[in-house]
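I opened this model to look up its overall form, a few helices and some side-chain pairs. My entries follow.

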Amino acid sequence: MSGGVEWALHCCVVLTSVEEPVPATRLAELHDVSASYLAKQLQALSRAGLVRSVQGKSGGYVLTREPASITVLDVVEAVDGPGQAFTCTEIRQRGPLATPAESCTAPCPIARAMTAADTAWREALRAVSIADLVQDVASGSGPSALARVSRWLTMPET
């Protein structure tokens with residue numbers, strides 16, 4: 001999983017704290033990350049329909065849906081794509097003791113284990129919403145944590 005997933009998830013969480021659009025540069029400054037790299041993650045979220053870009057002097061990014069309807073998996077797939085983490089290359093059919101292709105009618109135990117793990121991982125990420133993460137932030141960092149973030153994001157830049 002790319003680092004962009006972490007950045008995108010943090011942005012989705014903090015965007016719940018504001019009502020107006022937040023510029024990508026402001027989000028990057030908040031997280032002390034590269035503005036150009038973060039902009040790519042925000043564009044991926046926008047292509048997936050999770051955020052939208054608002055143009056103009058007061059422009060920036062806003063969530064397009066309620067936080068409870070955006071899952072962590074939605075964000076992961078927006079940034080890194082929907083492909084499985086493991087790709088079987090049928091290594092058992094190579095080398096001096098290769099198994100003939102006609103004998104490989106079912107996935108090998110390694111491919112089955114990796115597919116099962118990928119399925120479990122996706123189900124776990126599908127079960128957690130941005131709203132759940134917001135609640136966890138409030139529980140772990142205090143109920144005023146996101147209010148502080150909101151004030152910082154919306155204060156005029158000097």
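I count two residues as in contact when heavy atoms lie within 4.5 Å. The model is predicted, so I took local features only at pLDDT of at least 70 and side-chain atom pairs only at pLDDT 80 or more, while totals for chains, interfaces and linings use all residues. Residues are numbered from 1 along each chain as its sequence is written, and side-chain values use heavy atoms, with hydrogens and water left out.

**Entry 1: overall form.** I took helices (H or I, at least four residues) and strands (E, at least two) as DSSP runs numbered from the N terminus. The protein chain has seven helices and two strands, and their order along the sequence is α-α-α-β-β-α-α-α-α. I looked up the radius of gyration, taken over C-alpha atoms, with the globule rule of 2.2 Å times the number of residues to the power 0.38. The protein chain has 20 Å, where a compact globule of 158 residues would be near 15 Å. Along the principal axes, the C-alpha atoms fill a box of roughly 70 × 30 × 25 Å. For burial I used relative accessible area with a 1.4 Å probe and protein chains only: buried is under 20%, exposed over 50%, partly exposed in between. On that scale 34% of the 158 residues count as buried. Of the contacts between residues at least 6 apart in sequence, 69% join residues at least 24 apart.

**Entry 2: R26 and A28.** Both R26 and A28 belong to helix α2, which spans residues 24-31. Is R26 buried or exposed? R26 has a relative accessible area of 4%, so I list R26 as buried. Beyond its neighbours within four places in sequence, R26 contacts W152, L153, M155 and E157. I call a charge over a ring when NZ of Lys or CZ of Arg is within 6 Å of the ring centre and within 35 degrees of the ring normal. The charged end of R26 meets this over the ring of W152, at 3.8 Å from the centre. A28 is buried as well, at 2% relative accessibility. With residues up to four places away left out, A28 touches V33, S34, A35 and L38.

**Entry 3: aromatic pairs.** I paired rings of Phe, Tyr and Trp (its six-membered ring) with centres within 6.5 Å, calling planes under 30 degrees apart stacked, over 60 edge-to-face and the rest tilted. How many aromatic pairs does this rule give? I found one aromatic pair. W7 and Y37 meet edge-to-face, 4.9 Å centre to centre with 85° between the planes. W7 is in helix α1 (residues 3-15) and Y37 in helix α3 (residues 35-47), so the pair ties together parts 30 residues apart in sequence. Both rings' residues are partly exposed, W7 at 21% and Y37 at 32%.

**Entry 4: α5 and α7.** Helix α5 (residues 109-126) has 18 residues and reaches 26 Å from first C-alpha to last, close to the expected 26 Å. The expected span is 1.5 Å times one less than the number of residues. Buried in α5 are A111, D118, R122 and L125. They fall within an arc of 65° seen down the axis, so they line one face of the helix. I took the arc from the directions from the helix axis to the C-beta atoms. Their cover includes α4 (72-80).

In helix α7 (residues 145-154) I list A145, L146, V149, S150 and L153 as buried. Their arc around the axis is only 135°, which puts them on the same side of α7. R148 and R151 are exposed on the other side. The buried residues of α7 pack against α1, α2 and α6 (130-141).
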